[in-house]
Amino acid sequence: MKTISIKTISSLLLLLIFSTSWSQSKVTGTVTDNQNNFLPGANIIIKGTKYNTTSDANGKFSIDTHEKLPFALLIQYVGYTTKEIKISQPTETPLEISLTPENENVLVEVVVSSRRRIEKVQDVPIAISVVTGKQAEQTGAFNVNRIKELVPSVQLYSSNPRNTGINIRGLGSPFGLTNDGIDPGVGFYVDGVYYARPAATTLDFIDVEQIEVLRGPQGTLFGKNTTSGAFNITSRKPSFTSGADFEVSYGNYAYLQAKASVTGALGKKVAGRLSFSGTQRDGIIENIVSGKPTNTLNNQGIRGQLLYKPTENTNIILAGDITTQHNDGYAQVVAGVAPTQRKPYRQFNAIIADLNYQLPSLNAFDRKIDHDTPWRSGQDLGGASLNIDTKIGGGTLTSTTAWRFWTWDPSNDRDFTGLQVLAKSQNPSRQTQITQEVRYAGKITSRITGVAGFFFIDQTSKTKGTEESGNAQWRFSQQSVNYNNNGVSTPVPLALWETPNLLEGYGIKTNAEIHSASTAVFGQLDWAVTDKLHILPGLRYNFDKKIADYDRKTYGGLQTNDPQLLAIKKAVYSNQNFSTDIDDTDFSGNITVSYKATEKINVYGTYAKSYKPVGVNVAGLPTPPAGQTLGDLAVVKPEDVNHYEFGVKTSPFKNSILNLTYFDTNIKDFQTNVQAAELGVNRGYLANADEVRVRGAELDASFTISKHFTLYGAATYTDGKYVKFTNAPLPLEETGTVVDGVAVNYKDVSGTDLPGVSEWAGSLSGEYTKDAKFFSNAGKFFVALDGYARSEFSSSPSASTYLVVPGYAIFNGRLGFRAAEGLSIHVWGRNLLNKNYYEQLLPAGGNTGQYAAVLGDQITYGITLKYTL
C-alpha cells in the first residue's frame with residue numbers, strides 16, 4: 001500500500017502541470033429572448049472547459065477567459081435552444097445574445113459533461129443517450145425502470161430493491177442473484193457521487209436536470225471502474241435568481257405524486273435549493289386472504305443544496321439527501337408450473353394435492369395472491385457530499401467527497417403460495433460508503449486537453465438474515481436422504497418427514513459482512529492531431545481489496561438426538577462458516593480515434609481493455625472439493641473485458657440527428673451464477689463462466705419534421721451468447737436429472753443465449769405542438785405518444801422453456817398545455833392498450849416446479865398540474 005500511496009501522491013502533483021501561459025481577457029454581454037426580454041440566470045460556458053458564469057437580473061454577464069483565440073461560448077437557458085458563439089478576435093464591445101424558445105420547434109442541441117467538460121453530445125466520441133429532466137417529467141420517467149423505455153439499450157430487473165440488476169447491452173450484473181460481493185458493471189452517479197448499491201435505481205429521481213446514459217466501458221473518465229456503461233445524473237443546482245416549481249399528479253389506484261423545488265440567493269455569495277418528491281399509490285395486486293391490495297408505492301425524498309461562490313472561479317456545493325421507500329410491495333404472482341425430472345411425489349401439483357391446497361388462480365394476470373407472509377420492501381438511502389470546483393491554469397480542479405448509507409428491511413413469501421413453506425424469508429442489511437474523487441480537466445497545450453484523477457471508495461455491508469420453515473416445509477422438501485447407521489450409509493424412511501413439529505420453526509440465522517476498498521488513478525487525453533482528427537488514449541490503474549465473513553447457524557424445530565431426524569433437518573438447513581481476504585491490482589485502458597469529416601458527420605472507433613474487480617461470495621457455498629476450502633470457493637475471479645466499438649454521428653439535414661453504433665464485447669471469467677452439486681445450495685452461488693460475447697448495433701434518431709411535429713426514436717439489436725459455460729445451473733424443467741444413478745446438478749450451456757437480453761428493443765416518440773394560451777399564459781398545446789417494445793428473452797441463467805418472457809409492446813400518451821412560466825396542465829396514460837406482460841420470471845425457492853412473475857403494470861392514467869415561478 002505504501003507504493004500505491006507514493007504513486008497516488010505523485011499523480012496528484014502531476015495534475016498541477018496541466019497548464020500553459022496565456023493572457024487573460026474578459027467577455028461581457030447581455031442575454032435576451034427573441035422578444036428582447038432579459039433572461040436572468042442564463043448559463044454561459046466556455047466550450048470545452050468548465051469555465052462558466054450566469055447572467056444577472058438584467059441579463060448581463062461577464063466571464064474571464066484564459067483561452068487562446070479562437071474559442072466558443074455556449075449559452076444555455078431552460079426552455080430555450082442552446083446557442084454557440086465563436087470568439088475569433090479580442091473585443092471590448094458587449095455581446096448581444098438572443099435565444100430562441102424550444103417551443104419554436106427547432107432541434108435542441110444537447111450538451112453533456114460526461115467527459116468532464118461542457119460539449120455538444122454530437123461532438124462526443126462515445127455512444128451516449130441523453131434524457132433531460134424536462135423530458136423525464138413529461139413522459140413520467142421518474143425512476144430508472146421508466147428510463148429503460150426511452151433508452152432501449154438499458155435493462156433493469158428487480159424482484160425487490162435489493163435484488164435489482166441494471167445492465168446496458170445485456171451486461172453489468174449477474175442475472176437473477178444478488179450478492180454484495182460483486183461490483184456492478186454499470187456505474188450510477190448523481191452529481192459526481194458514485195452510488196454503490198443498485199437498489200438506488202429503484203427510487204424516485206429528485207429535481208433532475210439531465211440523465212446521461214453512457215454505453216460501453218468508462219474506466220478512464222469516471223472514478224469507479226465500469227465495464228458496461230454509466231448513468232451520469234445531474235440535479236438542478238442552486239441559483240442566485242429566485243425561482244420555484246410546484247407539481248402534483250393524481251391518477252387511478254389513488255396515485256398521488258407531488259414535487260416541489262425552490263431556489264434563490266441566501267447572501268451575496270451563497271445560494272440554496274431545496275427539492276422534494278413524493279409518490280404514493282394503492283396496490284395493483286389483490287391478496288384474497290387479507291382482502292387488501294399489495295404492491296403499493298410509498299416513496300419520499302428530499303434534497304438540499306448550498307452553493308458558496310467565494311470567487312468567480314470557485315464553486316463549492318454542500319448537498320444532503322434522504323429518500324425512503326416503505327412499500328407493501330414486490331409481491332410476485334405464480335405464473336405457471338413446470339414438470340421437473342424429480343420423482344412424481346416431488347412435483348408441485350402432487351405436493352399441493354397432498355396438502356389440499358389450490359392456487360387462487362392459474363392465470364397470473366388475474367393479479368390475485370393468497371400469500372401468508374407479508375411483503376415488505378422498506379429501504380432508506382441518503383448521504384451528504386461536498387463538491388469543490390476551482391479554475392486552475394487552463395482547466396478545473398474538482399474534489400468530490402461523499403458519505404452515503406443504505407438500509408434494507410424486507411419481508412418476502414418466497415414460496416409464492418398461501419402455504420407455510422417458508423414462514424420467514426428476510427435479510428435486513430445496512431451498507432455505508434465513503435468516497436473521494438479528485439480530478440483535473442483542462443488544456444495541456446493548444447492541441448491537447450486531458451482529464452486525470454484519483455478515486456477512493458471504502459464500503460461496508462452487513463446482513464443479518466433469517467429464513468424459517470413453516471408447517472408445509474416437510475412436504476416441499478421431502479426427499480431421499482441417508483444417515484450414518486453405525487458407519488453404514490442408510491436411507492431414512494420417507495414417512496419420517498411427517499414427524500410432528502420436526503421442521504416447523506426450523507431455520508437459519510445468517511450474519512454476513514463484507515468490507516471492501518478500492519483505489520484508482522485514471523486519465524485520458526484528447527489530442528487534436530488536426531482540427532478534424534482526434535486521438536484519445538486513456539489509462540487506469542486500480543487496487544481492490546475485499547474481506548468477507550459469513551456465518552450461518554441453524555435453530556428451532558424439533559429438538560432431537562435421533563440420527564435419522566437430524567439427517568432430515570440437515571438436508572434442509574445446515575451450519576456454515578467461512579472467511580476470505582483477497583486483493584488484486586489491474587491496469588486497463590482504451591484508445592479512441594475520432595474524425596469529424598464534415599460539420600454534420602463525426603465518426604469514431606474505440607478499443608477498450610476493461611475489467612470488473614475480484615469478487616467474493618457472501619452467501620451459502622457447496623462443500624469444497626479435495627484440496628480446497630470454503631474460503632477458496634468464496635473468491636470470484638475478476639472479469640477480463642475486450643471491447644470494440646465503431647460509431648457515426650450525423651445530422652443528415654436541418655434539425656435532425658441520426659447516429660449508428662456497432663459494438664462487440666468479449667468477457668473472460670464472466671462473473672455469474674453457477675449451480676452446486678448438492679441440495680443445500682440449490683439456488684446457486686457466484687463463480688465464473690469461461691467466456692461470454694455480446695455484439696450488436698444501435699440507432700438513435702431525432703427529427704423536427706415541421707414547426708409543429710417532432711419525432712424521436714431509438715433501436716438496438718443485441719446478440720448475447722455464452723461462448724463457454726460448462727457448469728451452469730440446470731434449467732427448471734431439468735431439476736432432478738439423474739444419469740446412471742448419479743444426480744446431475746449442472747449443465748454445459750455453451751453457445752446459448754445470455755439471460756435478460758432481447759435480440760430487438762426499441763422506442764419511438766412523436767409530439768405535435770401548437771401555440772396556445774391558457775388562463776392568459778402563453779405556451780403550447782401538445783399531444784404526444786410514446787411506444788416501447790422488446791422481443792422475447794430468457795429469464796433464467798440457463799435457458800428454460802418455461803422461463804422465457806414473451807416479447808411485448810406498450811404505448812403511453814399525454815395531452816395538454818405547457819408554459820415556461822405559470823400554469824401547465826396535461827392528462828396522461830401509461831400502457832394505454834392495457835397490455836398484459838411479464839418483466840421477469842423466476843422459480844420459487846426449492847425448485848419444485850412453480851415459477852412466479854414480476855408483472856408489468858396494467859393501464860394507469862391521471863392528470864398533472866405544474867406551476868412555475
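Is helix H6 (residues 563–572) buried or exposed, that is, how many of its 10 residues are buried? In this predicted model, local features need pLDDT of at least 70 and side-chain atom pairs count only at pLDDT 80 or more, while totals for chains, interfaces and linings use all residues. Residues are numbered from 1 along each chain as its sequence is written, and side-chain values use heavy atoms, with hydrogens and water left out.

Of the 10 residues of H6, 7 are buried, so the helix is largely enclosed by the rest of the structure; buried means under 20% relative accessible area, with a 1.4 Å probe and protein chains only, and helices (H or I, at least four residues) and strands (E, at least two) are DSSP runs numbered from the N terminus. Among the buried residues of H6 are Leu 565, Ile 568 and Lys 569, and the buried residues pack against the elements listed here.

| Element packed against by H6 | Residues |
|---|---|
| strand E30 | 448–469 |
| helix H5 | 473–477 |
| strand E31 | 482–485 |

At the N-terminal end of H6, Asp 562 acts as a cap, with a side-chain oxygen 2.9 Å from the backbone nitrogen of Gln 564.

The largest nonpolar core (buried Ala, Val, Leu, Ile, Met, Phe, Trp, Tyr and Cys residues joined through side-chain atoms within 4.5 Å) has 34 residues, of which Tyr 838 and Leu 841 touch the most other members. Strand E52 gives the most to this core, with 5 residues. A second, separate core of 29 residues includes Ala 136, Leu 203, Ile 211 and Leu 381.

Conventions:
Buried means under 20% relative accessible area, exposed over 50%, partly exposed in between (1.4 Å probe, protein chains only). Contact means heavy atoms within 4.5 Å. A polar contact is a pair of N or O atoms within 3.5 Å; within protein, one must be able to donate a hydrogen and the other to accept it, and residues adjacent in sequence count only if both atoms are side-chain atoms.
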